[in-house]
Amino acid sequence: MSDASRLKAILGSFFHTPAYGDFELLEHTLIELDDAGVIERIIRPDDTDYAERVAAARTAGEREPGSFAELASDTFILPGFVDLHVHAPQWPQAGVALDEPLNVWLDQRTFPLEARFADPEFAYTVGYDLARTFLSRGTTTTLYFASAHLDGSYAVSRACAAAGQRAIVGKVVMDDPASNHDFYRDATPEQALVDTEEFLARVEALDAQGRAADPRFAGAYAAVTPRFIPSCTDEALAGLGQIAAAHDAYIQSHCNEGQWEHGVAIERFGKTDAEALASFGLLGPKSIMAHCTFMNDDDTALFAETGTVVAHCPISNAYFANSACPVRRMHEAGVRIGMGTDISGGFSPSMYDNIRQAVMASCMLEEGVDALVPQERRGAGRPSRISAPEALYLATKGGAEGLGLATGSFEVGRAFDAQVIGTRQPYTDLTGFGVFDEPGDKLARILYLATPDNIRQVWCQGKLVIER
Ligand code: GUN
Ligand code: FE
């Protein structure tokens, strides 16, 4: 990628959530980037050299087109989203068969589809389309489950790198012959571990290659990925814990997703899913666990103690989790939380859709849903709702902090990952017609009503990746 598409400075109004619970609007602010696409300086209108720096940025922009962006007053810039949970091979079935219970949906629908990633070319095609779709929805970083295939999973990593997205990808391990189809599983526990090591090595080489070609390459990362307890043998789970520790690698899995999964762990180990994962060395500050809806207070304390991250997937939870995720309770207990679309347990690749569902699900958890149950017993019995800015934090800085990656907000030292929201698009006017002009109202209208058409430009680490 040439320097022509590399942003050096941008002048506009920025919404972000530097801390959970609060949002900030940086109006008419100039953000300067270094050569690696990282935020170097944030210059506010009342800074003494503001006029001088803006003039310099404009002049530089004339010399080097693409290096400076000056946004109209009816546009706002939000951080690029961080999606903490996605299944790349499930993209072709997004929206399909969501009325089955989880185990049936996996067995009859999902595993036959994922088996198609035996063909790396198919895997690349699907992975590339999905990564470009995410970028077009404002998502600049994604943590992916690929498939059980080594080559198919590596194809997903290559596709994301080519698409311009920062991607952490895992080769899925599902080795237990008792719980997996012969047509789609690791041949043996040993092979699952060998393939995981080989996958980590290949992605490391891919990342190095990218850096050599462009030292500012946005990054390819790998994750150790036991699918979930029910699909893995003890041998594979223990081996993966050791591999992750030896490589200081990310770990991702599903934990306590619903009634069935919860029951499987109790029956097999006499422990909860969370306790069982911990016993195999699979919880820790680089572990990202999807769903976590069936968390008792001990599980929650275990997550907080180990620094394990929850990937909250609110749309998927409505179909498969048999419950609503207690986000507020876990946050108050000190658990790190981000957000995921869970394509295709969740049908939508949009984090906007998931932000909306996260707020709505939290209200329903607090209030309860069955009017025939008396009000005092209907809800969760404790404050459970979260606000839209809290949900935005989960979708941006919460996910970034969960991955330990410096992005997700507009602060010095963080990668400039950003999406420009045009509030005055035909049929999607988000301006509030001059009536609702408070910053909080403006942000709420963006979060609740933005469509893909409102997302006009997207940068990943200063590199323009989408322009509508
Ligand atoms: N648990 C194990 N695999 C999956 C999956 O693909 N989707 C969801 N939602 N839960 C899972
Ligand atoms: Fe999932």
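This passage describes a metal site and a helix pair in a predicted model.

The iron ion (ligand 2) is coordinated by three histidines and one aspartate: His85, His87 and His254 each contribute NE2, and Asp342 contributes OD. The coordination distances run from 2.1 to 2.4 Å. Around the iron ion (ligand 2), the four donor atoms subtend angles of 86 to 177°. Four donors count as tetrahedral only if all angles lie between 85 and 135 degrees. The arrangement at the iron ion (ligand 2) is irregular because of the angles of 86 to 177° between its donor atoms.

Along the sequence, the donor residues of the iron ion (ligand 2) follow the spacing H-x1-H-x166-H-x87-D. Two of these residues link distant parts of the chain: histidine 87 lies in strand E6 (residues 81–87) and histidine 254 in strand E11 (residues 250–255), 167 residues apart. Histidine 87 has a relative accessibility of 3% and therefore counts as buried. Histidine 254 is also buried, because its relative accessible area is 6%; the cut-off for buried is under 20%.

The helix pair consists of helix H12 (residues 351–367) and helix H14 (residues 388–403), whose axes come within 9 Å. The axes of H12 and H14 cross at roughly 135°, so the two helices are oblique to each other. The crossing in which H12 passes H14 is right-handed. On the H12 side, the residues that meet H14 are Met351, Ile355, Ala358 and Val359. Their counterparts in H14 are Ala388, Ala391, Leu392 and Ala395.

Notes
Residues numbered from 1 in each chain as written. Chains lettered and ligands numbered in written order. Predicted model: local features only at pLDDT ≥ 70, side-chain atom pairs only at ≥ 80, totals over all residues. Heavy atoms only, no water. Donors = N, O, S within 2.8 Å, 3.2 Å for Na, K, Ca; no water. Tetrahedral: all angles 85-135°; square planar, octahedral: opposite > 155°, others 65-115°. Helix = DSSP H or I, 4+ residues; strand = E, 2+ residues; numbered from the N terminus. Buried < 20%, exposed > 50% of the residue type's maximum accessible area, 1.4 Å probe, protein only. Axes fitted to C-alpha atoms, helices over the stretch in contact; angles between N-to-C directions. Parallel < 35°, antiparallel > 145°, perpendicular 65-115°, else oblique. Left-handed = near helix turned anticlockwise from the far one by under 90°. Contact = heavy atoms within 4.5 Å.
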